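Work through the exercises below with the model open beside you. Try each task before reading its solution.

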Amino acid sequence: MPKLQGFEFWSRTLRGARHVVAPMVDQSELAWRLLSRRHGAQLCYTPMLHAQVFVRDANYRKENLYCDVCPEDRPLIVQFCANDPDVFVQAALLAQDYCDAIDLNLGCPQMIAKRGHYGAFLQEEWDLLQRMIQLAHEKLSVPVTCKIRVFPEIDKTVRYAQMLEKAGCQLLTVHGRTKEQKGPLSGAASWEHIKAVRKAVAIPVFANGNIRSLQDVERCIQDTGVQGVMSAEGNLHNPALFEGRSPAVWELAEEYLDIVQLHPCPLSCVRAHLFKLWHHTLQVHQQLRDELAKVKTLEAIAAVSHALKLRCQEDMSRQEEGAQPAGDLPFFHWICQPYVRPGPREGSKENSGSRSKRALEEEEGNTDGLSKNKQKKQLRNPHKTFDPSLKPKYAKCDQCGNPKGNRCVFNLCRGCCKKRAFKETADCPGHGLLFKTKLEKSLAWKGTQPVRPEPSQVGSGAPGTLSEVIGSALT
């Protein structure tokens, strides 16, 4: 059967999907995809998989795709991050029998993507991307798709999309934010960029960004003309978003935990989902937030979720007639609802665009405010302090400025010490580097070995033959 392309692929293979669950690292696993499908999702993506690891590690393939095969989990698109055409295609060939299409991640804006040179940090390398898409289009039996972020300029975004289409991309998902728009700098996604791309290409387009309710989905389709709408954050806080419902949190939490019993996944995924589902309630019942962070088994997580349900039902019973939700919430905290990410503090707006996320956090923070990672570290070690004035002062390496080894004979860090000790054939006991000692032992060992005769002397019977040398060595 010939490979379907473009709109034919979308209408027949993807069944004209309009409601799409985004690829989310450690969040769009099988159990969550099945829950989302039960509540209106028509197409799901796997979490982003690393192409290079997928090629070389059989266990990684098994844990992240092969063991997650489920008849109800279709249509399904597998997403990879990659920066090498051959590696991308090798990984896709190993995955194509388990999905309906292969997606190339060109939208991840995180620092890990920058270090790994993938995701949105490839968006300026058009020649490389053309080669990756063209090769995949030629070699795969399923279509290749792409998920991108926009450039600040609409015309450049349009040319970018057209380049990917020309290379062989059969469906394009456009996240209407730039790669700089993340965390507290996220801001609103630009549907104008998405609309311009939709008008400029002849393949199906999905929109991503600003989706918090079914009304947003319908408005996005109407305003941009896209074929479908993808949700990530909105789906995590309300998996029934595509149904247009906002049920009680425990209803979906219990249903999800039941699915996890049938389709197990890492505990970290389960915990992360419950933190999202119960987000607003956990602001009220902080003690149970700490409990949810500490528990180590699925049963214990279910117990915390049940305790949260009981607390919510108590809050409901004490609720006075005509009471309104606290703060700016559209519903009471026990109802599934969108989470609006807080932006940077209003102030010097003219400089806000150039400030880093770290600078904003420092501006926002106070002496008691710690990042989530630091809070976790302090939970494990209550005596740990993050006050810079209390940190020990380290002497610096004479060459690079990194902390030097306290017992280094050269007053260097380990890296610089290793280079110098190797170059000078010296020892540094402080760093456990013994180049001189090992050389001396090697030379001493070689001095005790019998001398090998020249090949012309072997078997001639002359003095000094191999047999005589061995014999003399043995006697």
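The exercises on this predicted model go from the whole chain to single residues.

**Exercise 1. The chain as a whole**

Task: State how many helices and strands the chain has, and what share of its residues is buried.

Solution.
- Step 1. Count the elements. There are 22 helices and eleven strands.
- Step 2. Turn to burial. Of the 475 residues in the chain, 44% are buried.
- Step 3. Take the contacts with a separation of 6 or more. Residues 24 or more positions apart account for 62% of them.
- Step 4. Look at the surface. The accessible area is about 25,800 Å², and carbon and sulfur atoms hold 51% of that.

**Exercise 2. A salt bridge between distant parts**

Task: Find the salt-bridge partner of D73, and decide whether D73 is buried or exposed.

Solution.
- Step 1. The structure holds 14 salt bridges. In one of them D73 pairs with R37, with 3.0 Å between the closest N and O atoms.
- Step 2. Place both ends. D73 sits in the loop between α4 (58-64) and β4 (76-81), while R37 belongs to helix α2 (residues 30-38). The two are 36 residues apart, and the pair links distant parts of the chain.
- Step 3. Check D73. Its relative accessibility is 1%, so D73 counts as buried.
- Step 4. Check R37. Its relative accessible area is 15%, so R37 is buried as well.
- Step 5. Widen the view. Salt bridges with shared partners join R33, R37 and D73 into one network.

**Exercise 3. The neighbouring residue, R74**

Task: Which residue forms a salt bridge with R74, and what kind of peptide bond joins R74 and P75?

Solution.
- Step 1. R74 pairs with D100, the closest N and O atoms lying 2.9 Å apart.
- Step 2. D100 is in the loop between α5 (85-95) and β5 (101-106), and R74 is in the loop between α4 and β4, so the bridge ties together parts 26 residues apart in sequence.
- Step 3. Compare accessibility with the 20% cut-off for burial. D100, at 15%, is buried. R74, at 28%, is partly exposed.
- Step 4. Now follow the backbone. The bond between R74 and P75 is cis, with omega about 0 degrees. P75 is also in the loop between α4 and β4.
- Step 5. Note the background. Most peptide bonds are trans.

**Exercise 4. A salt bridge within one helix**

Task: Explain why R420 and E424 are separated by about one helical turn.

Solution.
- Step 1. R420 and E424 form a salt bridge, with 3.1 Å between the closest N and O atoms.
- Step 2. Both are in helix α20 (residues 414-424). They are four residues apart there, which means a separation of about one helical turn.
- Step 3. Check accessibility. R420 is partly exposed at 32%. E424 is partly exposed at 43%.

**Exercise 5. Two buried residues and their contacts**

Task: Locate H193 and M230, and list what each touches beyond four places in sequence.

Solution.
- Step 1. H193 is in helix α9 (residues 191-200). At 9% relative accessibility, H193 is buried.
- Step 2. Outside its sequence neighbours, H193 touches V150, F151, P152, E153, I154 and T157.
- Step 3. M230 is in strand β9 (residues 228-231). At 0% relative accessibility, M230 is buried.
- Step 4. Its contacts beyond four places in sequence include V20, V21, A22, P23, Y45, K147 and T173. A207, N208, G209 and I211 are also among them.
- Step 5. Set sequence against space. M230 and C44 are 186 residues apart in sequence, yet their C-alpha atoms are 9.1 Å apart.

**Exercise 6. The second largest pocket**

Task: Which helix supplies the largest share of the lining of the second largest pocket?

Solution.
- Step 1. The pocket has a volume of about 210 Å³.
- Step 2. Its lining has 15 residues; V284, A326, F332, H333 and W334 lie nearest the centre.
- Step 3. α14 (279-284) and α16 (298-318) each give at least two lining residues. The largest share, three residues, comes from α14.
- Step 4. Sort the lining by type. Eight residues are nonpolar, five polar and two charged.

**Exercise 7. Positive phi**

Task: Where are R15 and N210 placed, and what is the phi of each?

Solution.
- Step 1. Most residues other than glycine have a negative phi.
- Step 2. R15 has a positive phi of about 55 degrees. R15 lies in the loop between α1 (6-13) and β1 (19-21), and is exposed at 58%.
- Step 3. N210 has a phi near 70 degrees. N210 lies in the loop between β8 (205-208) and α10 (214-224), and is partly exposed at 24%.

Conventions:
Residues are numbered from 1 along each chain as its sequence is written. This is a predicted model: local features need pLDDT of at least 70, side-chain atom pairs count only at pLDDT 80 or more; totals for chains, interfaces and linings use all residues. Side-chain values use heavy atoms; hydrogens and water are left out. Buried means under 20% relative accessible area, exposed over 50%, partly exposed in between (1.4 Å probe, protein chains only). Contact means heavy atoms within 4.5 Å. Accessible areas come from the Shrake-Rupley method with a 1.4 Å probe; for residues, only the protein chains shown count as cover. A salt bridge is a side-chain nitrogen of Lys or Arg within 4 Å of a carboxyl oxygen of Asp or Glu. On a 1 Å grid over the protein atoms alone, a cavity is a set of points where a 1.4 Å probe fits but cannot get out, and a pocket is an open set with protein on both sides within 12 Å along at least five of seven lines; lining residues have an atom within 4 Å of a point. Grid points are joined across faces, edges and corners, and a volume is the space filled by probe spheres set on the points. Ala, Val, Leu, Ile, Met, Phe, Trp, Tyr, Cys and Pro count as nonpolar, Asp, Glu, Lys and Arg as charged, and the others, Gly among them, as polar.
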